[in-house]
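Here's a quick tour of a protein model and the molecule it holds. Have the picture open while you read, and try to find each spot as it comes up.

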Amino acid sequence: MLVLGIETSCDETGIALFDTKRGLLSHTLYSQIEMHSEYGGVVPELASRDHIRRVLPLVKQTLHAAKCELHEIDAIAYTQGPGLAGALLVGASIGAALSFALKIPALGIHHLEGHLLSPLLSTPAPSFPFIALLVSGGHTQLMQVDAIGCYKLLGETVDDAAGEAFDKTAKLLGLGYPGGAALSKLARQGQAGRFKLPRPMLNSGDLNFSFSGLKTAVLTLINKQEITQQTSADIALAFQEAIVEVLTEKSLTALSRTGLTQLVVAGGVGANDQLRQNLSSKASAKGATVFYPELEFCTDNGAMIAFAGAMRLQASPDKIWPPASSFTVNARWNLEMLEEPDD
Ligand code: KG4
Ligand code: ZN
């Protein structure tokens, strides 16, 4: 079964073709980062307009790369939410139109379900049940994943998301937008131990997070120092160490509280090398294994959406999925409200 995935929830247009027998055939991505960086953040109206320009050429390019024709596609999977309403509407309307014209099913996919399942695209892949640490620009959540569509929220941020904290701190350090990767690069030159930042909610007893205070602590630190390249790097490292320690400790607590031994890390912050090293070594010391998506599938992409669609189709082999006659998007959408596939 050949599934076309369409991701347009924020500032990346991602298209992919996933075949249930042959795996991922091709995927393409257009990032709008350069366009938004001028404004220091995503401008929703510009994002929607750009997705309109990109989706169809990328669909053609993805088909060409996979040596497939439009009529060979068996189903469309598009991101239905959460995300920017206007941006989501572009992918949803094109997905629904293709579904209607080709008389094939259209599946509206939850963006975070895409992220959650993305490590299953790699080998070795985790098996259900597992704990997922979702760390993106908009979300920071610990979920228990028992099966497709069966997600239990264990804890989440009470304010800023981890990626948002990286981006805001990067901005304070004069790095571009989004600054997570740049901050992480700068931190590599940092001197460990020069600065120590708070570990918010580390001992809160629950699995929630809070990151908004960290950027304030960074701002206070910046205001007290003469900012040289080395000082910036030292602050970047201190910030990263704080966030990595909290994410790691809470993930380990989630594993021990549930008795599970597999941890999946998904979302853009999952690309952070210090987080990866720290999580892997601490988890393996406790007999647990950590699974990461390929770096290119950590941030937003179409492959995870095509894959999530394919998993849902496979989980309900006898279900009749009519072609789309309408479509809807959910800018806000709770992952726990998703339903398990049925036949
Ligand atoms: O999952 P994603 O592509 O988009 C959302 O759905 O939000 O995540 C983007 C976030 C941004 O905040 C970005 O700064 C962060 O992931 N990010 C990183 C790294 N690469 C991307 N944060 C820390 N270290 C990185 N290497
Ligand atoms: Zn995302």
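In which loop is P82 found? Look between β4 (75-81) and α3 (85-102), and you'll have it. Before going further, keep in mind that this is a predicted model. The main stop on the tour is ligand 1, which sits in the largest pocket.

**Where the ligand sits**
- Domain 1 (2-116 + 298-337) and domain 2 (127-292) each give residues to the shell around ligand 1, so the ligand lies between them.
- Once the protein is wrapped around ligand 1, 86% of the 560 Å² that the ligand exposes on its own gets buried.
- Three helices give two or more residues to that shell: α4 (111-117), α5 (162-172) and α6 (180-187).

**Who's around it**
- There are 20 residues around ligand 1, and the ones that come nearest are G137, D167, G268, N272 and D300.
- Sorted by class, the shell has 12 polar residues, 6 nonpolar ones and 2 charged ones.

**Backbone contacts with the ligand**
- G137 has a polar backbone atom 2.7 Å from an oxygen atom of ligand 1.
- With G268, the distance from a backbone N or O atom to an oxygen atom of ligand 1 is 3.0 Å.
- G138 joins in too, with a backbone N or O atom 3.4 Å from an oxygen atom of the ligand.

**Odd spots in the backbone**
- As a rule of thumb, most peptide bonds are trans, and most residues other than glycine have a negative phi.
- Back at P82, the peptide bond that joins G81 to P82 is cis, and its omega is near -15°.
- Another cis peptide bond runs from Y177 to P178, with omega near -15°.
- To find P178, check the loop between α5 and α6.
- K103 isn't a glycine, yet its phi is positive, at about 55°.
- You can spot K103 in the loop between α3 and β5 (106-110).

Technical notes
Residues numbered from 1 in each chain as written. Chains lettered and ligands numbered in written order. Predicted model: local features only at pLDDT ≥ 70, side-chain atom pairs only at ≥ 80, totals over all residues. Heavy atoms only, no water. Near = heavy atom within 4 Å. Polar contact = N/O pair within 3.5 Å; in protein donor to acceptor, adjacent residues only side chain to side chain. Areas by Shrake-Rupley, 256 points an atom, 1.4 Å probe, with all protein chains shown as cover. 1 Å grid on protein atoms, 1.4 Å probe; cavity = no way out; pocket = protein on both sides within 12 Å on 5 of 7 lines; lining within 4 Å. Sits in = over half its atoms within 2 Å of the grid points. Helix = DSSP H or I, 4+ residues; strand = E, 2+ residues; numbered from the N terminus. Nonpolar A, V, L, I, M, F, W, Y, C, P; charged D, E, K, R; others polar. Domains from an automatic or database assignment.
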